[in-house]
Each structure stands twice: as C-alpha cells, then as structure tokens.
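Trainee: Got a minute? I'd like to go through this one with you.
Mentor: Sure, put it up and ask away.

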Amino acid sequence: MLEASNLECVRGERSLFAGVSFRLDGGEMLYVQGKNGSGKTSLLRMLCALTPAVSGEIRWRGGPIGKLGEEFRSELCYLGHQNAIKEELTPLENLLSSARLAQEALDEDAALDALALVGLRGREDLACRYLSQGQKRRAALARLVNEKRALWVLDEPYVALDPAAVELVAGLIGTHLQAGGLAVLTTHQAVSVPAAAVRELWLGDSDATQRPQ
Amino acid sequence: MLRAVIGRDLRLAMRRQADIVAAMFFFIIVVSLFPLGVGPEPDQLRRMAPGVLWVAALLATMLSLPRLFADDHRDGTLEQLTLAPQPLGVIVLGKVIAHWLVAGLPLVVLAPVLGIQFDLSSDALLVLTVSLLIGTPALSGIGAIGAALTLGVRGGGVLLSLLVLPLYIPVLIFGAGAVDATLSGLGPQAHLSLLGALALGGVFFAPWPTAAALRVALE
Amino acid sequence: MTDRVINWYKYASPQTFYPLAGKLIPWFWALAALFGIAGLTIGFLIAPTDAQQGEGYRIIFLHVPASWLSMFIYLVMAFWAGIGLAFNIRLSGMMASALAPTGALFAFLSLWTGALWGKPMWGTWWVWDARLTSELILLFLYIGFIALQAAIDDPRRADKAGAILALVGVVNIPIIYFSVKWWNTLHQGASVSLTKAPSMAAMMLWGMLLCALACWMYSIAIALMRVRTIMLERERHTDWVRALLSGNGHDTSRHP
C-alpha cells in the first residue's frame with residue numbers, strides 16, 4: 001500500500017540519507033531507527049508530503065502521493081514532534097477542533113471517553129498551558145483513540161510518557177494494525193507493539209539498509 | 001470547514017483579548033498623535049484626517065499580522081492544517097476572515113469616533129467607515145501573503161512590513177481617496193467600487209499564494 | 001521531442017551553464033560598450049539642444065533607459081522565478097536572484113537621474129509625480145525581494161519564497177501603477193510616444209534607444225557574471241566545482 005523507492009534527503013549541504021526503499025502493507029508497522037540527526041523526522045515528513053524528496057518516489061495505493069493530494073491526506077494521520085496542542089484551549093476543545101479540522105465526526109461523549117482513556121479525566125476543562133509535558137503529550141495522543149484513517153505516521157510517540165501511557169499507546173497502535181491499518185514510527189525506546197508485523201529501517205550515515213527481522 | 005477554522009481562530013483570539021485591545025489602542029494613539037504633531041487647526045486636520053486614519057489602520061494591521069501563522073507554526077498546528085483533507089487555500093481563507101473579524105472590524109468600529117477628533121462632517125465619517133469596512137479585508141488578505149513568506153525567518157516582523165506595505169498602496173489610495181472625494185464634494189462611489197474590487201481580489205486571490213508560501217515555509 | 005527536452009535540461013544544469021555563460025559574457029560586454037559609445041555619442045554630440053529644456057535634457061539618455069530596464073528586469077525576474085517554481089529548475093531561481101540587484105540599481109538610477117533632471121526643470125528635486133512614485137514603489141519591491149532572499153538561509157527555500165513574492169509583485173505592479181496614476185493630478189505624459197513625436201527629434205530617439213540597448217546588454221552580462229558566482233557558492237560541495245577550482249588552482253590571481 002505504501003511504497004517508497006530510492007528516497008534521498010538533503011539538509012543544508014549534507015545528504016542525510018539516499019537510496020531508502022521500503023514497502024508496507026495493511027497490518028504492518030515500520031520502525032524507523034537511527035542516531036540523532038540521521039534524518040528520521042525528515043523521512044517521516046517526506047512520507048506526509050510535507051517535504052519533497054530530492055529524488056525518489058513515494059506511492060500510496062499505487063499513486064504518487066504528490067499527485068493524490070487530498071485523497072492521500074484524508075487517509076493520513078500525522079503526529080509530529082510538536083504536540084499541535086493549543087495552550088489556550090482545553091484538552092477537550094483541542095481534541096474536538098482537531099477532529100473538526102480533519103473532517104472527522106467526533107461527538108463530545110466520544111471525546112470525553114478518549115481523554116479519560118489517556119488519563120486526563122478531571123483535566124478536560126483545564127487550559128492546556130496548566131498541563132505537564134507528559135499530560136500535553138497525552139492530550140495530543142488522545143486523537144489516536146478514535147482515529148480511523150489508514151496510515152499513521154508517528155514521530156517519537158512515546159517521548160515524555162510514563163510506562164503506563166507507553167503501554168497504552170502501544171496498545172492503540174496494535175489495535176490499529178489489527179484492523180488492517182499501517183503505521184510508521186520513530187522511537188528510541190524498545191517497545192513491543194502487540195500482534196504486529198514489524199519491519200525495521202535503519203538510517204545510517206549516508207545509506208540505509210533494510211534489516212530483515 | 002471554513003466555519004471550523006474561523007470558529008477555532010476566534011475562540012483562540014477570545015482567550016487572548018489583550019492582543020486585540022493592544023492593537024486597538026495602538027490605532028487610537030497613532031491617530032491622536034497627529035494633531036499634537038501638526039497643531040489643532042481644524043481646516044488642516046480635516047484635510048489630513050482620511051490619510052492619517054488610513055495609514056494608522058495599515059500600521060495597526062501590520063502589528064497583528066505576524067501572529068496570523070506564527071503561533072500555529074510554533075506548536076505544530078500548522079502542519080496539521082496543511083495535512084487536512086482540504087485545499088490549504090480554503091483554510092487560509094478561513095484564517096484571513098478570522099483575522100479580519102479580530103483585527104480589521106475593531107478599526108472600522110473605532111474610526112468614526114476618532115474621525116470626530118478631526119472635525120469630520122457626518123457624511124465624511126460615514127464614507128470613512130464604509131471605506132474601512134470595504135478595505136480592511138483586503139489588508140488581511142494581502143498581509144497574509146507577507147506573513148506566510150516571513151514565517152520563521154530572521155527579523156520577520158520588519159521584513160513583513162517591507163514586503164507588505166508597498167502592496168497596500170492601492171488600498172490606501174482608494175480608501176483615503178474616497179473620503180477625500182467626499183470632502184471635496186465629489187461622490188465617493190468610484191473610489192469605493194475600486195476598493196471593493198481590490199478587497200475581492202485580496203480576499204479570494206491572496207489565499208493561494210499564501211498557501212504556496214506556507215508549504216515552502218514548512219519544508 | 002525527447003531529445004529537445006533533454007537538451008533543455010542539459011543547459012539548465014549549472015555544470016553545463018557555467019562554462020557557456022563564461023563564453024557569452026565577453027560578447028555581451030562588447031555589445032554593451034559598442035551600443036553605449038554609439039548612444040552617448042549621438043546623445044551628447046549629435047542630438048540637437050532642446051528648445052525648452054536646453055542642455056539639461058541630455059540626462060534622459062541615461063534616465064529613460066534606466067526606467068525601462070528597471071521595469072523590464074522585474075518582468076524577466078518574475079518570469080524566471082515562475083519557471084523555477086513551476087518546473088523546479090534550480091538555474092531559474094539563481095537567474096532571478098542574479099537579476100534583482102541589477103533591477104534595483106536601475107530603479108535607483110532612474111530616481112536619481114530623475115531628481116537631477118527635476119531640479120532645473122521643475123525647480124525641485126522631488127515631485128509626487130505618478131511615474132516617480134511608481135518607480136519608488138518598484139524600488140521597494142526590489143528591496144523586499146532581495147531582503148527576503150537574504151533572510152532565508154536555505155537557498156532552495158529562498159528561491160521559492162522569492163518566486164512567490166516576485167509573482168505577487170508582478171500581478172500588483174499594474175494595479176499599483178494605475179492607482180498611483182489615478183491619485184496623481186500633476187501627471188506629465190509619457191516622454192516617448194508616437195503621437196507626440198514632434199516634441200522629440202529623431203536623433204534623440206535613436207540615442208535613447210541605443211543607450212537602452214547598451215543598458216540591456218550590460219544587464220545580461222552582469223547577471224550572467226552574478227549567476228556564475230551564485231553557482232559556485234551554492235554548488236561548492238559538488239564534484240564539478242571542486243574540479244574547476246582545483247584545475248584553476250595555479251591561477252592565484254583568480255582563486256587565491
């Protein structure tokens with residue numbers, strides 16, 4: 001479903017990686033690994049069509065993502081380094097407005113349930129600037145609870161979370177994969193996602209190899 | 001979709017009312033400084049009034065423009081907006097409308113009160129208000145291009161003025177010109193209809209280059 | 001068909017364009033000198049003294065070409081910028097950046113010589129004449145373009161942002177021009193027009209056209225030189241630039 005061939009990434013004057021290729025089908029997860037500065041985030045942003053690849057091509061269901069445009073974006077859920085949480089809004093408002101902007105139907109009860117699930121019960125109506133770093137991350141990850149879109153691209157989803165929350169997020173990803181979804185994620189933590197076909201991609205200094213797992 | 005963007009931006013602005021109030025006071029203070037600078041002679045003030053009010057409106061708009069995208073850029077919301085399954089131009093249009101409601105409309109409401117300081121007749125006050133009502137949306141639309149181009153750039157605020165103010169000149173000319181025409185006994189219709197054309201162009205054409213500039217800024 | 005496409009892309013690659021531009025530059029300099037000498041000879045020695053304006057009018061031999069070029073270069077710059085944006089060709093973006101300073105220079109020259117001409121003719125250095133005001137705004141647009149590109153570190157991003165700005169500017173220039181013209185009441189008619197031919201002797205027109213050609217050739221030469229410098233700077237980590245620089249290593253005067 002998601003195919004990348006011969007991707008190259010240049011930042012400034014340095015080539016971060018070249019010749020990155022992989023293929024990901026329904027129910028599979030891709031772990032992107034590598035040192036700091038090896039281009040993990042850049043690769044994820046390329047997969048979202050935020051950054052154009054210097055060379056190479058990314059295809060979704062056979063079509064190049066640049067051409068698919070909105071068709072591709074309506075199946076994509078991206079969670080970046082930054083939480084995309086508005087400090088002035090409450091977790092509930094944040095969750096509802098991000099669902100509305102993504103044109104997903106989410107009623108208030110479902111949103112409250114999702115926030116309770118990620119452990120923000122009792123904080124729903126508190127402006128996000130009063131939340132701790134981990135709680136903000138939880139508020140951002142609450143999006144995933146009712147997320148039905150097929151491709152999840154998650155940049156360091158476990159960062160700033162306590163072990164219980166890490167377990168929870170891994171469970172959400174597992175459920176998503178079992179339902180036939182795809183996930184691409186970067187992390188420095190070794191977390192096992194339940195019942196998933198895992199592929200790994202190592203980004204080296206200038207070339208990348210796909211290690212069989 | 002448009003309503004979702006506008007609603008979200010208005011809600012955010014309401015949680016940060018201090019910004020709106022600061023821009024309004026800036027407008028009031030700049031306009032009030034002119035009589036102090038040139039003297040209280042009513043004839044002269046009346047002649048200056050359209051230009052002064054319009055230039056102050058331009059500057060007050062400049063003050064609120066950098067935040068149009070900067071906050072969303074910083075916390076990652078802008079990425080989510082560009083990844084939404086709609087054309088980015090539509091989202092930008094929503095943000096431009098919200099910006100006008102928050103930054104432009106208060107200027108329109110304040111203008112007649114400030115016009116009284118300059119001894120304008122009621123006809124001229126009416127035309128002044130109407131010209132601002134028609135013209136300020138163009139300021140928000142054209143300004144959005146500059147705000148997107150200078151997103152995350154060194155010295156963005158000053159650069160934004162350098163890029164946007166020259167593009168504001170036609171709006172200034174026709175806006176202030178409409179009031180001038182009224183003062184000198186000619187009808188303001190020609191000026192106002194040209195201003196209307198600029199506003200339509202600014203609001204509906206400008207979101208597309210703005211969207212392109214935002215994508216460049218996010219690369 | 002495909003051959004032609006490949007050829008275009010071949011010339012659009014900095015590696016091919018760099019030596020080509022190097023060969024062309026002397027020719028454009030020569031043409032600029034030739035047209036310049038001819039134009040100035042006509043302008044200063046042959047063209048008759050103007051009945052109303054005396055000798056002072058001769059500044060138009062620089063003033064009018066400078067104004068033409070300042071506008072024309074903005075169009076060319078916007079054209080290259082647009083091509084670069086649409087087809088993602090690096091060379092186009094470099095051309096646009098290379099043209100901007102020359103355009104700004106001509107806009108400035110046009111204002112400067114306009115002021116020098118205005119003092120004896122109108123009795124003042126500056127009037128808010130429609131064309132002077134538009135020229136000033138054009139200078140602002142050039143400065144905005146240069147400042148925006150200078151403020152962005154990543155050259156690719158700078159090219160794209162500059163291209164968007166140039167295209168927005170090119171759409172706005174007519175609007176700005178007509179609004180300024182509308183606003184202005186002191187306006188003088190354009191100095192070159194066929195209907196007003198009697199006011200300008202044929203010799204004057206020839207002198208002006210030759211000077212304009214000289215400025216044009218100068219612009220091409222200087223833009224090509226600048227684009228070569230930009231290429232070396234941006235591609236300094238590529239093999240061809242390294243080879244080029246090491247090959248010229250013995251030539252210490254050029255590459256110390």
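**Strands, helices and contacts**

Mentor: Let's start in chain A, and keep in mind that this is a predicted model. Strand 7 of chain A and strand 8 (residues 182-186) of chain A run parallel, paired over five bridges.

Trainee: OK, and what's the bridge partner of A:Leu154 in strand 8 of chain A?
Mentor: A:Leu154 pairs with A:Leu185 there.

Trainee: Which strand do four bridges join to strand 7 of chain A?
Mentor: That's strand 6 (residues 76-79) of chain A, and those two run parallel. A:Leu76 sits opposite A:Leu151 of strand 7 in that chain.

Trainee: How many residues of strand 7 (residues 151-155) of chain A are buried?
Mentor: Five of its five, so to speak: strand 7 of chain A is mostly covered.

Trainee: And which ones point which way?
Mentor: A:Leu151, A:Val153 and A:Asp155 point one way, A:Trp152 and A:Leu154 the other, and all are buried. In a regular strand, side chains alternate between the two faces of the sheet.

Trainee: New topic. In what order do the four strands of the open sheet in chain A come?
Mentor: The order is 2-1-4-5, with antiparallel pairing. Strand 2 (14-24) and strand 5 (63-64) of chain A are the edges, each with a single partner strand, so one side of each has no neighbour in the sheet.

Trainee: How many bridges between strand 1 and strand 4 of chain A?
Mentor: Five, in the antiparallel sense, between residues 2-11 and residues 55-60 of chain A. One pair to look at is A:Ser5, whose bridge partner in strand 4 of chain A is A:Glu57.

Trainee: Which helix packs on that sheet?
Mentor: Helix 1 (residues 40-47) of chain A, which touches strand 1, strand 2 and strand 4 of chain A. The direction of helix 1 makes about 130 degrees with that of strand 1 of chain A.

Trainee: Let's move to chain B. How many residues does its contact with chain C take from each?
Mentor: There are 20 residues from chain B and 22 residues from chain C. On the chain B side, helix 7 (122-149), helix 8 (156-183) and helix 10 (207-218) each give two or more residues. Helix 8 of chain B gives the most, with 10 residues.

Trainee: What's the make-up of that side of chain B?
Mentor: The side touching chain C has 16 nonpolar, two polar and two charged residues.

Trainee: And the contact between chain B and chain A?
Mentor: That one takes 20 residues from chain B and 22 residues from chain A. Helix 5 (77-82) of chain B has the largest share of the chain B side, five residues. The side of chain B that touches chain A divides into nine nonpolar, five polar and six charged residues.

Trainee: Back to helix 10 of chain B: is it enclosed or open?
Mentor: Largely enclosed by the rest of the structure, because nine of its 12 residues are buried. Among them are B:Pro207, B:Leu214 and B:Val216.

Trainee: What covers those buried residues?
Mentor: The cover includes helix 4 (67-74), helix 5, helix 6 (88-117) and helix 7 of chain B, together with helix 6 (155-183) of chain C.

Trainee: Last one: where does UniProt put "transmembrane region" in chain C?
Mentor: The unreviewed entry lists several spans, including 94-112 and 132-152 of chain C. In the model, residues 94-112 of chain C are 100% helix, with end C-alpha atoms 28 Å apart. Residues 132-152 of chain C are 95% helix and 0% strand, and their end C-alpha atoms lie 31 Å apart.

Technical notes: Residues numbered from 1 in each chain as written. Chains lettered and ligands numbered in written order. Predicted model: local features only at pLDDT ≥ 70, side-chain atom pairs only at ≥ 80, totals over all residues. Contact = placed C-beta atoms within 7 Å. Nonpolar A, V, L, I, M, F, W, Y, C, P; charged D, E, K, R; others polar. Buried ≥ 20, exposed ≤ 12 C-beta atoms within 10 Å, placed from the backbone. UniProt positions renumbered as here; feature names shortened; annotations may be inferred. Pairing = 2+ DSSP bridges. Axes fitted to C-alpha atoms, helices over the stretch in contact; angles between N-to-C directions.
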